[in-house]
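Visitor: I have a few questions about this fold. Can we go through them one by one?

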Amino acid sequence: AMLPLESPKVPSFSSRSGPEVSSPYQEAVGVIHIHSAYSDGALPVEQIARVAERQGLDYLILTDHDTLQGRRDGKEGRHGKTLVIVDTEISTEAGHYLALRLKEEVPSRRPAAETVRAVAEQGGLGFIAHATWKRRPWPQTDIEGITGLEVYDLASDVSDEFPVRVALGAGLAGP
């Protein structure tokens with residue numbers, strides 16, 4: 001993510017590079033927690049999808065802040081060989097919460113427990129985003145209904161040392 005988008009040195013993460021394994025399951029390689037120009041990312045969905053396809057990603061989950069506008073605008077679906085799924089990252093009073101499989105937006109800036117409950121009521125899955133981010137760690141660990149937490153977030157890691165826009169350059173992600 002630190003190289004220019006068009007750089008031939010950006011590695012490929014294709015799931016098709018390993019030995020053939022007999023299994024009823026198929027591996028899918030993708031990225032969760034990407035921001036586009038619908039919130040604080042710098043690129044439109046189509047450009048992000050082209051980069052993902054060039055890198056051999058099977059899917060990407062777009063999680064713009066507090067909006068599902070990309071879904072309403074028809075951005076969800078196949079972009080070449082890459083499946084783009086549009087979900088959201090909800091800003092709560094405690095921090096950010098990745099919400100997948102929502103039918104509609106959940107209001108932002110509310111207590112974390114209310115947000116977690118609202119996501120669950122829609123049948124969604126919720127994950128604490130950048131839980132250990134130094135600038136704003138998630139303070140509440142006793143809320144029931146949280147599906148999981150983001151283990152590693154490049155933007156948080158980089159932004160603890162440098163401004164995100166400068167460090168990422170390409171604008172593929174942001175806090």
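Visitor: In the hairpin of β4 and β5, which glycine in the turn has a positive phi?
Guide: This is a predicted model. β4 and β5 form a hairpin with 4 residues between them. The turn residue with a positive phi, about 155 degrees, is Gly-95.

Visitor: In what sense do β4 and β5 pair, and over how many bridges?
Guide: β5 covers residues 96-100. One bridge joins Ser-91 to His-96 in β5. The pairing of β4 and β5 is antiparallel, over 4 bridges.

Visitor: Which residue takes a positive phi in the hairpin of β3 and β4?
Guide: β3 and β4 pair in the antiparallel sense over 3 bridges. Across that pairing, His-79 stands opposite Thr-82 in β4. The hairpin has 2 residues between the strands. The residue with a positive phi, near 65 degrees, is Gly-80.

Visitor: Do β2 and β4 pair in the parallel or antiparallel sense?
Guide: Take one opposed pair: His-65 stands opposite Glu-89 in β4. The pairing of β2 and β4 runs over 7 bridges. Its sense is parallel.

Visitor: How many of the residues of β4 are buried?
Guide: β4 pairs with β2, with β3 and with β5. A residue counts as buried under 20% relative accessible area. β4 is largely enclosed by the rest of the structure, because the buried count among its 10 residues is 8.

Visitor: Is Thr-63 buried or exposed?
Guide: Thr-63 sits in strand β2, residues 59-65. Leaving aside neighbours within four places in sequence, its contacts include His-33, Ile-34, Asp-87, Thr-88, Leu-98 and Leu-100. The cut-off for buried is under 20%. At a relative accessible area of 0%, Thr-63 is buried.

Visitor: Why do the buried residues of α1 line one face of the helix?
Guide: The buried residues in α1 (residues 45-54) are Val-45, Ile-48, Ala-49, Val-51 and Ala-52. An α-helix has 3.6 residues a turn, so residues three or four places apart point the same way. Seen down the axis of α1, the buried residues line one face because they fall within an arc of 160 degrees.

Visitor: Which strands do the buried residues of α1 pack against?
Guide: Start with Val-45, which lies in α1. Not counting residues up to four places away in sequence, Val-45 touches Leu-62, His-79 and Val-84, among others. For the buried residues of α1, the strands are β1 (30-34), β2, β3 (77-79) and β4 (82-91).

Visitor: What is the relative accessible area of Val-45?
Guide: Other contacts of Val-45 include Ser-36, Tyr-38 and Lys-75. Its C-alpha atom is 9.7 Å from that of Ile-34, 11 residues away along the chain. Val-45 is buried, with a relative accessible area of 4%.

Visitor: Which residue with a positive phi follows α1?
Guide: α1 takes in residues 45-54. The residue that follows has a phi near 80 degrees. It is Gly-56.

Visitor: How many helices and strands does the protein have?
Guide: From the N terminus on, the order is β-α-β-α-β-β-β-α-β-β-α-α. The totals are 5 helices and 7 strands.

Visitor: Among contacts between residues at least 6 apart in sequence, what share join residues at least 24 apart?
Guide: One contact pair in β2 and β5 is Thr-63 with Leu-98. For the protein, the share joining residues at least 24 apart is 60%.

Methods:
Residues are numbered from 1 along each chain as its sequence is written. This is a predicted model: local features need pLDDT of at least 70, side-chain atom pairs count only at pLDDT 80 or more; totals for chains, interfaces and linings use all residues. Side-chain values use heavy atoms; hydrogens and water are left out. Buried means under 20% relative accessible area, exposed over 50%, partly exposed in between (1.4 Å probe, protein chains only). Contact means heavy atoms within 4.5 Å. The arc is that of the directions from the helix axis to the C-beta atoms. Two strands pair if DSSP finds at least two bridges between them.
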